[in-house]
Amino acid sequence: MSSKDARIVVVGAGAAGLSAAHHLVQNGFSNVIVLEATNRIGGRIHTVEFGDGIIELGANWIHGTGKENSMYTLAKEKGLIMEPYVFLDSEKEMTLTERGTEIDKITVKKAWKIIEKIEDELEDGISYKKDLNCQDYIEKRFTEEIDKRKMNEEKKTQIQMFCKLMIGYLGLYVGDDLKLASAKCYEMGGEYDDDDDVILSHGYSLLLKALQDDLTDSRVKFKRNVVSIQWKSEQSTVKVICESQDKTIEEYIADHVIVTCSLGHLKQNHDNIFHPSLPDKKIKAIERMGFGSVGKIFLYYEIPFWRKEDSGIVLAWDSSDDDSTSWYKSIFKFSTIPTCENVLLAWIHGKASKHMETLSINEVARTCTEILRKFWKNKEIPEPTLTETSSWSRDPSFLGAYSYFAVDSHKSCISDIAEPLFVADKPIVCFAGEATDSKWFSYTHGARSSGIREANRILNLSSSSK
């Protein structure tokens, strides 16, 4: 059998899985199939219709517009980027307090300068944060920065609110409570010189649909939940067993398998799926890396009560609460979104996000309305006509949003998760997904790049065997 005839099974039809399959097929591999547990492509990219527009339940935008960003270059190639494409404009946001007052723009700028300074320190990996978690470091540094500035007590109190605001802001980027996140590893992700956030006006899912359309002959098989990967045999092949929606068991024999399921799914299921068990080093890495929860709440109004030029309402909470029943205090802000002008989007993370997913839509809508009325007292706030929420932490195919460095993790964890399983020097089971990309973990372009990386691993094996 020629190397281009190798039987390849890709587990998962998200950004990593479709990118891997697409790259292999484009380079002449004819026997590639993708097994997807759900009834759709996309993984944690999921565009849905809502009201009179579309919303993104998962990944929201493409981070960065450089050539190194594989998602951006794919979107440009497919003609899916519309000008103007920059989404966020913090200058057009209002910052409101629980007392219903707006913090003046000058104070807001001063506070954000402190936030940016502390975030730069985290990203630069300065030495004296070595043993702190992210939240302890932020609180320590915020107090130091406020104490050395000359300002009255009222201004100090207002700026101190931004410490909690920063914890909410960075909690979204980490995807979890910052006490669980490592300060010493915060800087280990990549950065672009041009960090514009690109919105896809017709939906993020179209980007992956473009990859699927190039995969002919129904290579993507839906509602196939992989329950077993048996990776050691005398023939150096892998047996993949999956269960279809009607509980029918299907078996596939492969020369290579590329596993792209989420880190959350691996944490929960690796001991049941892989036979024999994964190497201890890989298991420890899977367990040590963090996998956060980020929730979204979409509120649709028949008539928007905000000005068209407003880009968001930032919430400066007077107090925080670790009790998950006060989940709403983790809402960092309500944003407007360009793909649905009558919608406000609330962001939430960590255990508060997980708690929110257990609530009814009506309770979530009622709570958000109460918050908006409390913070924006001089505005008549109606109840939303429609409400939608994400539920990534409750979905057994994902069990969360994206990876981060937990307090007891290390940068080697990512390379340990990404390391293939070898049999007779052959990478028989490969691993892709955002949690396997040491530079762009947690990003969709990290997921895509990792899929291409593992496809190239198999391509290089094919080339070397000629």
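Me: Let's start with A424. Which loop is the place of A424?
Reply: Happy to begin there, bearing in mind that this is a predicted model. The strands on either side are β21 (421-423) and β22 (426-431). A424 therefore sits, with a relative accessible area of 66% and so exposed, in the loop between β21 and β22.

Me: What is the phi of A424?
Reply: A424 is not a glycine, yet its phi is positive. The value is about 55 degrees.

Me: K223 also has a positive phi. Where is the place of K223, and what is its relative accessible area?
Reply: K223, a residue other than glycine, has phi near 55 degrees. Its place is in the loop between β8 (220-221) and β9. Since buried means under 20% and exposed over 50%, K223 is partly exposed, because its relative accessible area is 32%.

Me: After K223 comes β9. In what order do the strands of its open sheet stand?
Reply: Good place to look next. The open sheet has 4 strands, and their pairing is mixed. Its edge strands, each pairing on one side only, are β11 (249-254) and β13 (274-275). Reading across, the order is β11-β10-β9-β13.

Me: In what sense do β9 and β13 pair, parallel or antiparallel, and which residue of β13 does Q230 stand opposite?
Reply: Strand β9 covers residues 224-230 and meets β13 over 2 bridges. The sense of that pairing is parallel. Opposite Q230 in β13 stands H275.

Me: Which residue does a cis peptide bond join to H275?
Reply: Omega of this bond is about -5 degrees. The partner lies in the loop between β13 and α8 (280-288). That partner is P276.

Me: Which residues of helix α7 are buried, and what do they pack against?
Reply: Helix α7 spans residues 263-273, and its buried residues are L263, G264, H265, L266, N269, H270 and I273. Among the elements they pack against are two strands of the open sheet, β9 and β13. The complete set is β9, β13, α8, β14 (290-291), β20 (403-404) and α11 (412-418).

Me: L266 appears in that helix. Which residues lie nearest the centre of the largest cavity?
Reply: That cavity holds about 90 Å³ of space and is lined by 14 residues. By class, its lining has 8 nonpolar, 4 polar and 2 charged residues. L266, one of the buried residues of α7, is in the group nearest the centre, which is C261, L266, A432, A435 and T436.

Me: How many cavities of 30 Å³ or more are there, and which residues line the second largest?
Reply: The count comes to 2 cavities. The second largest has a volume of about 60 Å³, and its lining divides into 4 nonpolar, 2 polar and 1 charged residues. The lining residues are I55, E56, N60, I199, I337, P338 and T339.

Me: How many residues of strand β15 are buried?
Reply: Both faces of β15 (residues 294-300) are covered. On one side V294, K296, F298 and Y300 are buried, and on the other G295, I297 and L299 are buried. The count is 7 of 7.

Me: Which residues stand opposite Y300 in β18 and β19?
Reply: Strand β15 runs antiparallel to β18 (residues 343-349), joined by 7 bridges. It also runs antiparallel to β19 (residues 386-389), joined by 4 bridges. The partner of Y300 in β18 is V343, and in β19 it is L386.

Me: Which element gives the most to the largest nonpolar core?
Reply: This core has 50 residues, and I138, F142 and F162 have the most contacts inside it. At least two residues each come from α3 (105-124), α4 (134-147), α5 (153-174), β15, β16 (312-316) and β18. The most, 11 residues, comes from α5.

Me: Which residues does F162 touch, leaving out those up to four places away in sequence?
Reply: F162 is one of the residues with the most contacts inside the largest core. One residue that F162 touches is F142, which is named alongside it for contacts in that core. The full list is T95, I103, V108, A111, W112, I115 and F142.

Me: How many residues are in the other core, which lies apart from the largest?
Reply: In soluble globular proteins, nonpolar side chains tend to be buried together. Here a separate core includes A16, L24, V32 and L74. Its size is 39 residues.

Key: Residues numbered from 1 in each chain as written. Predicted model: local features only at pLDDT ≥ 70, side-chain atom pairs only at ≥ 80, totals over all residues. Heavy atoms only, no water. Pairing = 2+ DSSP bridges. Buried < 20%, exposed > 50% of the residue type's maximum accessible area, 1.4 Å probe, protein only. 1 Å grid on protein atoms, 1.4 Å probe; cavity = no way out; pocket = protein on both sides within 12 Å on 5 of 7 lines; lining within 4 Å. Points joined across faces, edges and corners; volume = space filled by probe spheres on them. Nonpolar A, V, L, I, M, F, W, Y, C, P; charged D, E, K, R; others polar. Core = buried A, V, L, I, M, F, W, Y, C linked by side-chain atoms within 4.5 Å. Contact = heavy atoms within 4.5 Å.
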